[in-house]
Amino acid sequence: MDEERQAGDGQENPTEPVARPQRWTPNEHYLKVLLGMGISRNAALKALYYTGNQGPDFAAAWIFENNDTDIDAPFDMEDLEESDTEDDDAPEMYKMVFAVNCALDMGTGKIAAQVAHACIGLHRILLQDESKYASMLVLWEEFGETKIALKANSADHLMELQQKALSLGLPTYLVEDAGRTQIAPGSVTVLAIMGQMDIVDQVTGGLRLL
């Protein structure tokens, strides 16, 4: 293998998901941006709802990841909110995010390879501890295996993000390159984080899409 990898395994998550307000409303500016991209209103509303109104970039990424579903079907926010409030057994939503060290001079192919290493490495960690992560994996796979690539500033930034993720009980995987092409040996390239969407957003919510 060309890479050396560092894995992190968070403890049980002590943090409850942040509850949405009883009456959710879309960010009108973000909605206008999405409509201007040619996205249907129903799809745009769903994307903003499920990404917590974080921005058009995150909403567009959610649409891309879920384009195999009936995304243009009518979206009844009132019914959905009542369901979220009344159904204590509603499944949690999970995602895997990849923070890429943009301080490194990596080409597109190199970045793709590093993200792939991070994805496989973190997935392997989850499979190795099925008693802890089986439910997370099942729900993640059932709801589209959401994956998002984000921009990080430096290796130090990646390590700070990893420590914050671990403190919230999230499993992580940090990739270090062997240095055979483009970058120096030991360069920290990508951090992968997996977990409930609301909790992961506490770590990476301020990052921009790659």
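In what follows, Ala, Val, Leu, Ile, Met, Phe, Trp, Tyr, Cys and Pro count as nonpolar, Asp, Glu, Lys and Arg as charged, and the others, Gly among them, as polar. The structure described here is a predicted model.

**Overall architecture**

The chain holds 8 helices and 5 strands, and, read from the N terminus, these elements follow the order β-α-α-α-α-β-α-α-β-α-β-β-α. Of its 210 residues, 44% count as buried. Where contacts link residues at least 6 apart in sequence, 76% of them join residues at least 24 apart.

**The nonpolar cores**

The largest nonpolar core comprises 22 residues, and F98, L122 and M194 are those with the most contacts inside it. Two or more residues of this core come from each of β2 (94-101), α5 (108-128), α6 (130-142), β4 (172-177) and β5 (188-196), with the largest share, 6 residues, supplied by α5. A second, separate core has 19 residues, among them A99, L158, L161 and L168.

M194 shows how distant parts of the sequence are brought together: leaving aside its neighbours within four places in sequence, M194 is in contact with Y94, K95, M96, L122, L126, M136, W140, L170, P171 and V200. Helix α6 can be described in a similar way, since its buried residues are Y133, M136, L137, L139 and W140, and these pack against β2, α5, β3 (147-152) and β5. After α6 comes G144, whose phi is positive, near 100°.

**Two residues, G195 and P74**

G195 lies in strand β5, whereas P74 is found in the loop between α3 and α4 (77-86). Are these two residues buried or exposed? G195 counts as buried because its relative accessibility is 0%, under the 20% limit, while P74 counts as exposed because its relative accessibility is 74%, over the 50% limit.

Not counting residues up to four places away in sequence, G195 touches M93, Y94, K95, M136, L170 and V200. With the corresponding neighbours within four places left aside, P74 is in contact with N42 and K46. The table sets out one C-alpha pair for each of the two residues.

| Pair | Separation in sequence | C-alpha to C-alpha distance |
|---|---|---|
| G195 and K95 | 100 residues | 5.9 Å |
| P74 and N42 | 32 residues | 5.9 Å |

**The cavity**

How many cavities of 30 Å³ or more does the count give? By the rule applied here, the count comes to 1 cavity, and the largest cavity has a volume of about 60 Å³. Its lining is made up of Y50, T51, Q54, F58, W62, K95, T146, I148, M197 and D201. Helices α3 (56-65) and α8 (197-204) are the elements that give two or more residues to this lining.

By class, the lining of the largest cavity has 5 nonpolar, 3 polar and 2 charged residues. As for domains, at least three lining residues are drawn from each of domain 1 (28-66) and domain 2 (94-209). K95, one of the lining residues of this cavity, is also among the residues that touch G195 and among those in contact with M194, and in this way the description of the cavity connects with that of strand β5, in which G195 lies.

How values were computed. Residues numbered from 1 in each chain as written. Predicted model: local features only at pLDDT ≥ 70, side-chain atom pairs only at ≥ 80, totals over all residues. Heavy atoms only, no water. Core = buried A, V, L, I, M, F, W, Y, C linked by side-chain atoms within 4.5 Å. Buried < 20%, exposed > 50% of the residue type's maximum accessible area, 1.4 Å probe, protein only. Helix = DSSP H or I, 4+ residues; strand = E, 2+ residues; numbered from the N terminus. Contact = heavy atoms within 4.5 Å. 1 Å grid on protein atoms, 1.4 Å probe; cavity = no way out; pocket = protein on both sides within 12 Å on 5 of 7 lines; lining within 4 Å. Points joined across faces, edges and corners; volume = space filled by probe spheres on them. Domains from an automatic or database assignment.
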